[in-house]
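Subject: A structure for you to explore

Hi there,

Here is the structure I promised to pass on. Have a look around in it first, and then read on for what was found.

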Amino acid sequence: MSERTLRGKVAIAGIGETTYYKHGKSPDAEFKLALEAILNACRDAGVDPREVDGFASYGGDRSDGPRLAAALGIHELRFSNMHWGGGGGGVAAAVANAGAAVHSGMANCVIAFRSLAQGQFARYGRGNQAAAIGGEDAFLAPYGLMSPAQRFAMKITRFMTQHGIRHEVLRAIALTSYHHAQTNPRAVMNGRPLDVAKYEDSRWIIEPFHRLFDCCMENDGAAAVLVVPAERARDMPHKPTYLLGAAQGGHHRSAAPVHNAPDYASAHFPTVAKNLWSMAKLGPKDVDVLQAYENFTGGVLLGMIEHGMVSAEEANEFMVPENLRFDTGRLPLNTSGGNLAECYMHGLEMVNEAVRQLRGTASNQVRDPKVSLVIGGPMVTPVSSLILGTEETL
């Protein structure tokens with residue numbers, strides 16, 4: 001019986017993105033942004049956009065596959081997929097779903113993408129939402145829990161209290177992302193450096209989060225990757241980035257509503273990480289560079305621990321900026337600035353950065369990386385993660 005796996009079967013051959021804008025500042029409609037990122041990914045791969053035959057996205061993306069296919073004039077749409085869940089929990093899953101479609105023969109050339117023009121649509125904290133409250137929100141809103149920051153702060157505070165993790169750990173994550181953004185010309189926060197004093201003097205959103213420094217941005221833009229069979233990628237313009245491992249989902253009752261999950265202080269990766277390492281035939285010590293989704297700095301901490309990148313007991317000593325920077329770090333983290341300081345494109349921009357690192361073309365290039373881990377949006381369900389590698393890892 002042949003092994004069921006995506007390991008080494010597909011590759012990312014093209015990456016694309018738009019200019020990243022502050023919330024509400026895009027001159028173009030969200031759908032046009034999606035098309036621009038897709039065209040840029042096709043151009044990067046040397047592929048005629050009409051050859052694309054599939055699309056995969058996540059978290060309620062409004063730019064649907066059939067409409068994209070019509071606008072691009074593609075010859076045949078064979079795969080149109082969107083991963084359930086909110087925010088960026090499905091970012092790695094979308095890439096994996098594109099890979100699964102290609103490997104199974106359902107499609108040949110699939111785009112995984114995300115498009116956001118959040119100034120054009122309602123978001124948390126904007127406008128009267130009372131009439132729209134339903135489901136779990138109907139239980140939370142009467143107690144004042146109306147934003148993701150409020151909901152996730154409770155989980156992170158419990159975890160940090162249980163394990164004696166100091167607030168300096170969250171600060172190190174924020175400082176690292178802002179440090180990397182200063183040498184990344186694409187980053188929205190380029191030219192806006194952050195130091196310890198500025199971080200500590202900023203107002204609280206809700207403990208343990210300081211202002212925007214612990215919280216992701218709100219941005220407009222789009223990003224995309226083009227997934228093809230591994231054998232085809234070898235003949236394309238760029239050094240292929242191979243999918244080594246992918247996993248999605250959640251552990252037992254991780255989606256139990258109204259904050260009733262048995263394992264409450266969790267990012268929901270325990271089983272996902274186990275399945276990810278199993279497919280990749282690798283372990284945490286094999287990772288050269290890490291892109292960890294920051295909805296909040298605390299989610300990065302929980303996600304890293306649940307993937308085995310650091311233990312809770314080691315976190316206070318290990319999680320310092322010198323260990324996380326691209327040039328000095330034992331584990332380079334969010335080398336483009338991530339969701340905190342490059343752009344909040346629900347994590348798809350972090351997949352692009354993982355590819356750039358393995359190609360050797362990143363603004364903050366880690367020395368000779370072979371393996372990159374992408375951790376999708378933590379603390380929602382389902383979550384997902386992805387391991388990418390160079391040809392030497394196959």
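The largest nonpolar core has 129 residues, and within it Phe55 and Leu301 touch the most other members. The biggest contribution to this core comes from helix α1 (residues 30-45), which gives 9 residues. As background, nonpolar side chains in soluble globular proteins tend to be buried together. Please keep in mind as you read that this is a predicted model.

**Salt bridges**

Next, the charged side chains. The structure holds 19 salt bridges, and three of them are worth a visit in your viewer.

Start with Arg356, whose side chain meets that of Glu17 in a salt bridge, with 3.3 Å from N to O. This pair links distant parts of the chain: Arg356 sits in helix α14 and Glu17 in strand β1 (residues 10-17), 339 residues apart. Are these two partners buried or exposed? Both Arg356 and Glu17 are buried. For Arg356 the relative accessibility is 7%, and a residue is called buried when that value is under 20%, so Arg356 falls in that class. The helix that holds Arg356, α14, covers residues 348-359.

The two residues also belong to something wider: Glu17, Arg186, Glu342, Glu353 and Arg356 are linked in a network of salt bridges. If you would like to get a feeling for distances, try Arg356 and Gln150, which are 206 residues apart along the chain and have C-alpha atoms separated by 34 Å.

The second pair is Asp44 with Arg359, where the closest N and O atoms of the salt bridge are 2.8 Å apart. Here too, distant parts of the chain are linked, with Asp44 in helix α1 and Arg359 in helix α14, 315 residues apart. Asp44 has a relative accessible area of 18% and is therefore buried. Arg359, at 13% relative accessibility, counts as buried as well.

The third pair is Arg151 and Asp137, whose side chains meet in a salt bridge at 2.4 Å, N to O. Arg151 lies in helix α5 (residues 148-163) and Asp137 in helix α4 (residues 136-140), so this pair ties together parts that are 14 residues apart in sequence. Arg151 counts as buried because its relative accessibility is 14%, while Asp137, with a relative accessible area of 27%, is partly exposed.

**A charged patch on the surface**

Which residues form a positive surface patch? They are Lys22, Lys25, Arg192, Lys198, Arg203 and Arg211. Take Lys22 as one of them: this residue lies in strand β2 (residues 21-22). Its relative accessibility is 42%, so Lys22 counts as partly exposed.

**Backbone details**

Now for the backbone. Most residues other than glycine have a negative phi, and most peptide bonds are trans. With that in mind, here are some spots to look up.

The peptide bond from Glu207 to Pro208 is cis, with omega near 10 degrees. Pro208 is in the loop between β6 (204-206) and β7 (209-210). Another cis peptide bond runs from Thr381 to Pro382, where omega is near 0 degrees. Look for Pro382 in the loop between β11 (371-375) and β12 (383-389).

The loop between β11 and β12 is also the place of Gly377. With a relative accessibility of 2%, Gly377 counts as buried. The C-alpha atoms of Gly377 and Tyr264 are separated by 16 Å, and the two residues are 113 residues apart along the chain.

As for phi, His268 has a value near 80 degrees, which is positive in a residue other than glycine. You can find His268 in the loop between β9 (241-249) and α9 (270-280). Is His268 buried or exposed? At 2% relative accessibility, His268 counts as buried.

Lys281 has a positive phi too, near 55 degrees, and is likewise a residue other than glycine. Lys281 belongs to the loop between α9 and β10 (289-292). Its relative accessible area is 53%, so Lys281 is exposed.

Enjoy exploring, and do write back with any questions.

Best wishes

Notes
Residues are numbered from 1 along each chain as its sequence is written. This is a predicted model: local features need pLDDT of at least 70, side-chain atom pairs count only at pLDDT 80 or more; totals for chains, interfaces and linings use all residues. Side-chain values use heavy atoms; hydrogens and water are left out. Patches are made of residues with over 30% relative accessible area and no salt bridge: like charges are joined within 9 Å, nonpolar side chains (Val, Leu, Ile, Met, Phe, Trp, Tyr) within 5 Å. Accessible areas come from the Shrake-Rupley method with a 1.4 Å probe; for residues, only the protein chains shown count as cover. A salt bridge is a side-chain nitrogen of Lys or Arg within 4 Å of a carboxyl oxygen of Asp or Glu. Lys and Arg count as positive and Asp and Glu as negative; His and the chain ends are not counted. The place of a charge is taken as NZ of Lys, CZ of Arg, CG of Asp or CD of Glu. Helices (H or I, at least four residues) and strands (E, at least two) are DSSP runs, numbered from the N terminus. Buried means under 20% relative accessible area, exposed over 50%, partly exposed in between (1.4 Å probe, protein chains only). A nonpolar core is a set of buried Ala, Val, Leu, Ile, Met, Phe, Trp, Tyr and Cys residues joined through side-chain atoms within 4.5 Å.
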